Amino acid sequence: MARKMFPSVPSAENAAFWAACDAGTLMVPKCKSCGKSHWYPRALCPHCFSDQVELVASAGTGVIYSFSHMPRAPEPYTVAYVTVPEGVTILTNIVDCDPATLKIGQAVKLTWAKVEGGPQVWCYTPA
Amino acid sequence: MSIKGKAYIAGAYEHPTRKAPDKSVAQLHAECAAGALADAGLTKDDVDGYVCAGDAPGMGPINMIDYMNLNKLRFMDSTDVGGSSYLLHVAHAAQAIAAGRANVVLITLAGRPRSEGQATGTAPRAGNPMVPDTQFEQQYATVTANGYGMCAARHMYEYGTTSEQLAWIKVAASHHAQYNPHAMLRDVVTVEDVINSPMVATPLHRLDCCVISDGGGALIVTSPEIAKSLKRPLVKVIGAGESPKGQMGGLVDLTYSGAVRSGAQAWAEAGVKPADIKYASIYDSFTITVLMQLEDLGFCAKGQGGKFVADGNLISGVGKLPFNTDGGGLCNNHPANRGGITKVIEAVRQLRGEAHPKVQVPNCDIALAHGTGGMLGTRHGSATLIMERE
């Protein structure tokens with residue numbers, strides 16, 4: 001994509017998550033104590049405060065929960081929330097698409113965007 | 001302990017400037033403070049509490065306190081929940097007064113985003129990497145406009161809300177702004193004007209967005225004894241509520257705001273209901289902000305906001321719920337990118353009977369002011385205030 005993204009600065013707390021991103025796997029944190037997934041990734045489960053959080057590979061699919069396209073940006077882009085099968089809704093960009101055809105409820109699939117100076121980041125594109 | 005009846009808003013001042021390239025932010029804060037004290041009939045030496053938020057330059061309230069040389073303080077607070085801060089500050093000031101910790105609390109807001117050339121709502125800015133969400137979000141360029149755009153898109157999907165219905169909110173604000181000589185945008189606009197303005201962040205058009213203005217405002221909250229010793233009409237705080245709302249650990253729901261909880265607290269404390277409100281100041285960073293807050297505060301059922309705001313229902317003298325009779329953030333003023341204090345100021349004008357005669361609500365005895373601060377689409381603060389003329 002044309003738009004230059006700000007690089008993420010991975011925190012030590014999420015080193016394993018970001019290493020998986022660079023290896024091409026989106027991990028969704030899941031609590032072994034309460035069984036719930038969460039987003040964004042944290043060391044302590046935000047549902048029950050347990051520190052027994054494991055990373056589970058996402059299936060790589062999802063559904064658009066909502067989106068907003070910025071047609072007047074220097075490089076137009078689309079920000080979105082995508083609900084993934086693991087049960088959380090993730091902030092992202094929808095890329096490689098005609099934004100005029102996007103719809104809430106539409107199926108999308110995971111893709112990756114290279115970012116200068118940082119790890120690659122998850123994006124979604126119409127399935 | 002309830003704050004009902006324990007504090008009064010004795011002074012209110014909105015800076016007349018909308019562009020202040022020759023003033024400093026600190027100077028604007030102080031000019032607003034002086035204006036509110038003069039309005040109340042009090043002096044700087046009467047102030048024993050000071051509250052500000054993140055727009056005040058310095059470490060919390062400390063640098064502005066020193067700049068203004070407020071040296072009798074025994075209460076200070078700088079809770080920053082964005083544009084909703086100043087509504088919550090009134091409640092915190094009332095709590096301090098009720099607890100005997102202060103008698104005269106000064107609240108200030110000021111900033112100059114217009115002079116500084118900020119593309120406030122549309123230009124992506126790199127976030128602080130220490131903020132825990134930054135590393136997961138900033139790469140996607142969530143800016144203010146598209147965060148609210150996602151809320152509007154979901155509302156349309158869930159409830160069939162239309163761009164025309166949202167446009168009515170701007171139309172109502174413009175009808176009010178034509179009477180405000182200080183308003184940044186004074187032209188009355190139509191639904192078509194809004195729909196035909198450039199798309200900024202789908203489905204929000206340029207005229208769905210608030211202005212970017214320099215300026216500020218200040219409030220003076222006092223004990224009942226002091227308020228009754230002054231010559232101004234009495235505006236009593238009777239209820240308040242505050243609530244955060246975020247992404248709930250990934251269980252994102254954009255269909256409602258923190259107003260569901262902050263409103264419920266304020267209604268319960270005040271002992272009044274939406275039908276009792278004669279005038280409402282509703283935070284209008286975007287048209288969708290107003291629509292969601294009206295639903296969440298209970299002025300209409302969830303999903304019915306579009307129908308509620310249509311056909312001029314928010315226009316003073318025309319509709320059932322006159323709102324933002326100063327022209328609001330959509331037309332009048334959004335100083336420092338934070339519209340909370342102007343929401344309280346216009347409610348005070350209405351309760352005093354000092355709004356412009358063309359928009360003054362007859363017998364305005366109970367008013368509500370509500371603010372949303374931060375990003376409706378990610379995480380925000382919500383504050384509700386209910387006031388009564390005594």
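**The interface between chains A and B**

In this predicted model, 41 residues of chain A are in contact with 40 residues of chain B. Put as area, about 3,300 Å² is buried between chain A and chain B, with carbon and sulfur atoms giving 60% of it. On the chain A side, the residues that lose the most area to chain B are Phe6(A), Tyr40(A) and Tyr65(A), and together they make up 22% of what that side buries.

What about charges and polar groups? No salt bridges turn up across the interface of chain A and chain B: the rule finds zero. Polar contacts are another matter, with 20 residue pairs counted between chain A and chain B, both partners at pLDDT 80 or more. Several elements of chain A give two or more residues to the side that touches chain B, namely the helix α1 (15-22) and the strands β3 (61-70), β4 (77-83), β5 (89-93) and β7 (121-126). Of these, β3(A) gives the most, with six residues. Sorted by class, this side of chain A has 25 nonpolar residues, 13 polar ones and three charged ones.

Tyr40(A) deserves a look of its own. It sits in the loop between β1 (27-31) and β2 (53-57) of chain A, and it is among the three chain A residues that lose the most area to chain B. Its relative accessibility is 9%, so Tyr40(A) counts as buried, the cut-off being under 20%. Once neighbours within four places in sequence are set aside, Tyr40(A) is in contact with Pro132(B), Asp133(B), Phe136(B), Gln247(B) and Arg379(B). Within its own chain, Tyr40(A) is 48 residues away from Val88(A) in sequence, and their C-alpha atoms are 9.0 Å apart in space.

Over on chain B, Thr255(B) is found in the loop between β8 (235-245) and α9 (259-270). Thr255(B) also counts as buried, because its relative accessibility is 9%. Its side chain makes a polar contact with the side chain of Asp253(B), at 2.6 Å. Leaving out neighbours within four places in sequence, Thr255(B) is in contact with Tyr65(A) across the interface, and with Arg154(B), Glu158(B), Tyr159(B), Met292(B) and Lys302(B) in chain B. That partner, Tyr65(A), has already come up as one of the three chain A residues that lose the most area to chain B.

Technical notes. Residues are numbered from 1 along each chain as its sequence is written. Chains are lettered from A and ligands numbered from 1 in the order in which they are written. This is a predicted model: local features need pLDDT of at least 70, side-chain atom pairs count only at pLDDT 80 or more; totals for chains, interfaces and linings use all residues. Side-chain values use heavy atoms; hydrogens and water are left out. Contact means heavy atoms within 4.5 Å. Buried area is the accessible area (1.4 Å probe) that two parts lose on being put together, summed over both. A salt bridge is a side-chain nitrogen of Lys or Arg within 4 Å of a carboxyl oxygen of Asp or Glu. A polar contact is a pair of N or O atoms within 3.5 Å; within protein, one must be able to donate a hydrogen and the other to accept it, and residues adjacent in sequence count only if both atoms are side-chain atoms. Helices (H or I, at least four residues) and strands (E, at least two) are DSSP runs, numbered from the N terminus. Ala, Val, Leu, Ile, Met, Phe, Trp, Tyr, Cys and Pro count as nonpolar, Asp, Glu, Lys and Arg as charged, and the others, Gly among them, as polar. Buried means under 20% relative accessible area, exposed over 50%, partly exposed in between (1.4 Å probe, protein chains only).
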